[in-house]
Amino acid sequence: MLLEVRDLTKVYDTGFVKVSALKGISFKVKEGELTAIMGPSGSGKTTLMDILGCLSRPTGGLYLFQGEEANRLSERKLAEIRNSHLGFVFQSFNLLPRETVLSNIELPLIYKGVPRGERRKKGIEILFSLGLKDKLNSFPNQLSGGEQQRVAIGRALINNPHLILADEPTGNIDRKTGEGILKIFVDLNQKGKTIIIITHDPFVASYCSRIIHLEDGKVVKDELC
Ligand SMILES: Nc1ncnc2c1ncn2[C@@H]1O[C@H](COP(=O)(O)OP(=O)(O)OP(=O)(O)O)[C@@H](O)[C@H]1O
Ligand SMILES: [Mg+2]
C-alpha cells in the first residue's frame, strides 16, 4: 500500500467559526493507481490534497504514507517526504517568473544539493520527453498555458517521485490542451507512476481508473472505472 487515510478529519478554526472541511475520510491507494478525487466546490478536495501532500496536518484520524504515520512526523521529516517522494502540480502552474524553463524544472534538485551538470542533464532529458526542447531558455510568460503546465509536470517528475498529486491540473487551460495534459498523466501512469488528480470535472475524471467522490467532507462513492 502506498498510502492510507483512516477516519481523517480537518477542522479549520478561524477564531470566529469552526469549519469542518473533512468529516471522517477513509481509503487506501496502491502503487500504480491513477485515481481521481472528485467533488463539488467546497467538498474538501484541496484540504485533502494538502494533507496527502504533507503540506498540512489533519485534526484527527490517521494518514499513513508508505506505512509511516505522517501526523506524528516532525516538520523536517515531512519536508523530506515532500522533496523525495512527492511531486505537485497545481492549477496555477506556480512557476518562478524570473527563471527560465530549465531553471524552473531544476529547482527541486537544487534543494537536494544535486550538482549543476547533473541537474542540467536531467532537466533537459525531461523537457525533451515533454516536447519542450525548443523552450529550455524561455521564461514562463513566453509560454502558453499548456506549455507552462508541462513545465510544472516536468518539475514534479524530476525527483522521480512515488506519488504525483495534481490539483485541478487542467483548470486554467482549454479542453483540447487539457486533453494533452491528461494524456501525459495516463502515459506516466502506464509507466508505473501513482497519480492522484483532484478535479470537479467529470471529463478529467474519465481519464482515471478509479474515482473517489467527495461531498461535504465525506466519501460518498469510491468506484473503479
Ligand atoms: N484556510 C482555511 N480556513 C478556513 N476555512 C477553510 C480554509 N480552507 C478551506 N476552508 C473551508 O473548507 C471547506 C473545504 O475547502 P476546500 O478548499 O478543501 O474545497 P475544494 O473541494 O478544494 O473546493 P474548490 O473546488 O472550490 O477548490 C470549504 O468550506 C472552505 O471554505
Ligand atoms: Mg480546491
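**An enclosed helix, two nonpolar cores and a surface patch**

Helix α1 (residues 45-52) is largely enclosed by the rest of the structure, because six of its eight residues are buried. The buried positions in α1 are Lys45, Thr47, Leu48, Met49, Ile51 and Leu52. Just beyond this helix comes Cys54, with a positive phi near 60°. As the model is a predicted one, these features, like those that follow, are computed from its coordinates.

It is helpful to place α1 within the overall fold. The protein contains seven helices and 10 strands, and its C-alpha trace spans about 45 × 40 × 35 Å along the principal axes. The radius of gyration is 17 Å, which agrees with the value near 17 Å that a compact globule of 225 residues would have. Buried residues account for 49% of the 225 residues. Contacts that link distant parts of the chain are well represented: of those between residues at least 6 apart in sequence, 69% join residues at least 24 apart. The accessible surface amounts to about 11,100 Å², and carbon and sulfur atoms contribute 50% of this area.

Turning to the interior, nonpolar side chains tend to be buried together in soluble globular proteins. In this model, the largest nonpolar core holds 37 residues, and the members that touch the most others are Ile153, Phe185 and Ile197. At least two core residues come from each of β3 (34-38), α3 (101-111), α4 (116-129), α5 (145-157), β7 (163-167), α6 (175-190), β8 (194-199) and α7 (202-205). Beyond its neighbours within four places in sequence, Ile197 contacts Leu34, Thr35, Ala36 and Ile37, together with Ala166, Pro169, Leu182, Phe185, Val204 and Cys208. A second core, separate from this one, has 28 residues, including Ile37, Met49, Ile51 and Leu86. Met49 and Ile51 bring the account back to α1, where both are among the buried residues.

The surface has a nonpolar feature of its own. Tyr12, Phe16, Val17 and Val19 make up a patch there, with about 450 Å² of accessible area together. Of these, Val17 sits in the loop that lies between β1 (3-13) and β2 (18-29).

Strand β2 also contains Ser20, which is partly exposed, with a relative accessible area of 37%. When residues up to four places away in sequence are set aside, Ser20 touches Lys10 and Val11. The C-alpha atom of Ser20 lies 7.7 Å from that of Thr9, a residue 11 positions away along the chain.

Key
Residues are numbered from 1 along each chain as its sequence is written. Chains are lettered from A and ligands numbered from 1 in the order in which they are written. This is a predicted model: local features need pLDDT of at least 70, side-chain atom pairs count only at pLDDT 80 or more; totals for chains, interfaces and linings use all residues. Side-chain values use heavy atoms; hydrogens and water are left out. A nonpolar core is a set of buried Ala, Val, Leu, Ile, Met, Phe, Trp, Tyr and Cys residues joined through side-chain atoms within 4.5 Å. Buried means under 20% relative accessible area, exposed over 50%, partly exposed in between (1.4 Å probe, protein chains only). Helices (H or I, at least four residues) and strands (E, at least two) are DSSP runs, numbered from the N terminus. Contact means heavy atoms within 4.5 Å. Patches are made of residues with over 30% relative accessible area and no salt bridge: like charges are joined within 9 Å, nonpolar side chains (Val, Leu, Ile, Met, Phe, Trp, Tyr) within 5 Å. Accessible areas come from the Shrake-Rupley method with a 1.4 Å probe; for residues, only the protein chains shown count as cover. A salt bridge is a side-chain nitrogen of Lys or Arg within 4 Å of a carboxyl oxygen of Asp or Glu. The radius of gyration is taken over C-alpha atoms; the globule rule is 2.2 Å times the number of residues to the power 0.38.
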